[in-house]
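Trainee: I have a model open and would like a close look at one part of it. Please take me through the charged pairs first, then what lies around them.

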Amino acid sequence: MKISRRQFGVGPLALLAMPAFARSAMASERAAGAAVDPVSLLDPALRPIVTAWAAKFGNGSITADGLAKIRAGGDGQKPTLAASPPLTERMIPGKKGDPDVRVLVAAAPPDGRKRPAILDMHGGGYILGNAWGEALRAQSMAGEFDSVVVSVDYRLAPETPFPGALDDNYAALHWIYANADTLGVDRDRIAVFGESAGGGHAAALAIAARDRGEIPLCCQILIYPMLDDRTGSSVMPPSFMGSYVWNAGDNRFGWSSYLGVPAGSASVPDGAVPARETDLTGLPPTFIGVGALDLFVDEDVDYARRLVNSAIPATLLVVPGAIHGFDHIIPQSRIAKEFTEAWKSVLASCLAAKV
């Protein structure tokens, strides 16, 4: 079922546990391989919507031919913008030898103050989407957090495999930092943000920024991030995880397109897969949020655990009964509102001016 999401703590680690019935079902499948009906685990607000979509569209995986059709469907076309704050499209220099990079900048006009900046990377499995799909959220975050929000239109796979997108995202981060005075940005308050593949890009960018030592980040907000190419290939999660929106077949196709080698290969390009990074020390404070029925839940929980073990302040939120992109599917539900409030609270704390 290929539907755009736009359409349809304690201490450093805060984890919302699944209900007892769901924990029991998970334990049973892991222990005995018993089939679990994913519909029975869905949050009641999601159940009628998801079951109707599944009946109509099925749950096939993306193929090369299908990718072209999805792109031709116009996902990510320019939306009707909010009146304020203003949003402008700009072309900035890419990495030497690479094409310029398109970015969207949402911000109130400079007024002499130093504001935080948020670099936003769109989702789409590394193969879909563009920055215009983030335009309204960029405007919303710019207003709510009194910040400069830059959404980067990184190059997509398979046409541009790794490191093309990382180079584009780093170029955008470098542009913010180098032009902070003109943009009215506080260089000590720059955050990276992303959903799904955008979360994977944000995580990889945070690692690259740490390794290059040029630009400090105040936090990374990773919304159901796509962090591990091995999920759905060399590592199979329980069958009820990833039953909807983004499945194991999609994951194999997306990662293979991006890496230039089959997902789950013994060797992948250095810096491409955040979950394969052996050293997570020195990364910024992190929020990771994911649904308990999302294909990415195991890899996201493990990444949060490793961050905590590396002395990184990390907040993990696992939402019972929730699937990939649930907060866009049922934005007015209790679980979506609580989820959104959680990541916004962490982001606001990280962006707050240091006294």
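Which side chains meet in a salt bridge at 3.0 Å, N to O?

Mentor: Asp111 and Arg113 do. Keep in mind that this is a predicted model. The side chains of that pair come to 3.0 Å, N to O. Asp111 is partly exposed, with a relative accessible area of 45%. Arg113 is partly exposed too, at 40%. Elsewhere, salt bridges that share partners tie Asp120, Glu134, Arg137 and Glu195 into one network. The whole structure holds 21 salt bridges.

Two further pairs deserve a look. Glu159 bridges to Arg71, with the closest N and O atoms 2.5 Å apart. This pair links distant parts of the chain, 88 residues apart. Glu159 sits in the loop between strand 4 and helix 5, and Arg71 in helix 3. Glu159 is exposed, with a relative accessible area of 54%. Arg71 is partly exposed, at 29%. The other pair is Arg102 and Glu89, whose closest N and O atoms are 3.2 Å apart. Here strand 2 supplies Arg102 and strand 1 supplies Glu89, 13 residues apart. Arg102 is partly exposed at 30%, and Glu89 is partly exposed at 38%.

Now Arg115, in strand 3 (residues 115–121). Arg115 is buried, yet has no salt bridge. The nearest side chain of opposite charge belongs to Asp146, 4.2 Å away. The cut-off for a salt bridge is 4 Å, so that pair does not count. Arg115 does touch Asp146. Its other contacts include Ala107, Ala108, Pro109, Pro110, Leu183, Asp186 and Arg189.

Next, the nonpolar core. The largest one has 118 residues. Leu119, Tyr303 and Ile323 touch the most other members. Helix 7 (residues 197–212) gives the largest share of this core, nine residues. In soluble globular proteins, nonpolar side chains tend to be buried together. Leu119 touches, among others, Val150, Val152, Ala172, Leu173, Ile176, Phe193 and Leu205. Asn169 is also one of the contacts of Leu119.

That brings us to helix 5, where Asn169 has its place. Asn169 is buried, with a relative accessible area of 0%. Besides Leu119, Asn169 touches Met121, Val152, Tyr154, His201 and Leu205. The helix around it is largely enclosed by the rest of the structure, because twelve of its 15 residues are buried. Among them are Gly164, Asp167, Asp168, Tyr170, Trp175 and Ile176. The length checks out as well. At 1.5 Å a residue, helix 5 (residues 164–178) should span 21 Å. Its end C-alpha atoms are 21 Å apart, which agrees.

Last, the cysteines. A search of the whole structure finds zero disulfides. Take Cys218. Its sulfur is 4.2 Å from the closest cysteine sulfur, in Cys219, which is too far for a bond. Cys219 is in no disulfide either; its nearest cysteine sulfur, that of Cys350, is 3.8 Å away. The cut-off is 2.5 Å, so Cys219 and Cys350 do not qualify. Both neighbours in sequence are buried: Cys218 has a relative accessible area of 10%, and Cys219 has 0%.

Methods. Residues numbered from 1 in each chain as written. Predicted model: local features only at pLDDT ≥ 70, side-chain atom pairs only at ≥ 80, totals over all residues. Heavy atoms only, no water. Buried < 20%, exposed > 50% of the residue type's maximum accessible area, 1.4 Å probe, protein only. Core = buried A, V, L, I, M, F, W, Y, C linked by side-chain atoms within 4.5 Å. Helix = DSSP H or I, 4+ residues; strand = E, 2+ residues; numbered from the N terminus. Contact = heavy atoms within 4.5 Å. Lys, Arg positive; Asp, Glu negative; His and termini not counted. Expected span 1.5 Å × (residues − 1). Lists of a residue's contacts leave out its neighbours within four places in sequence.
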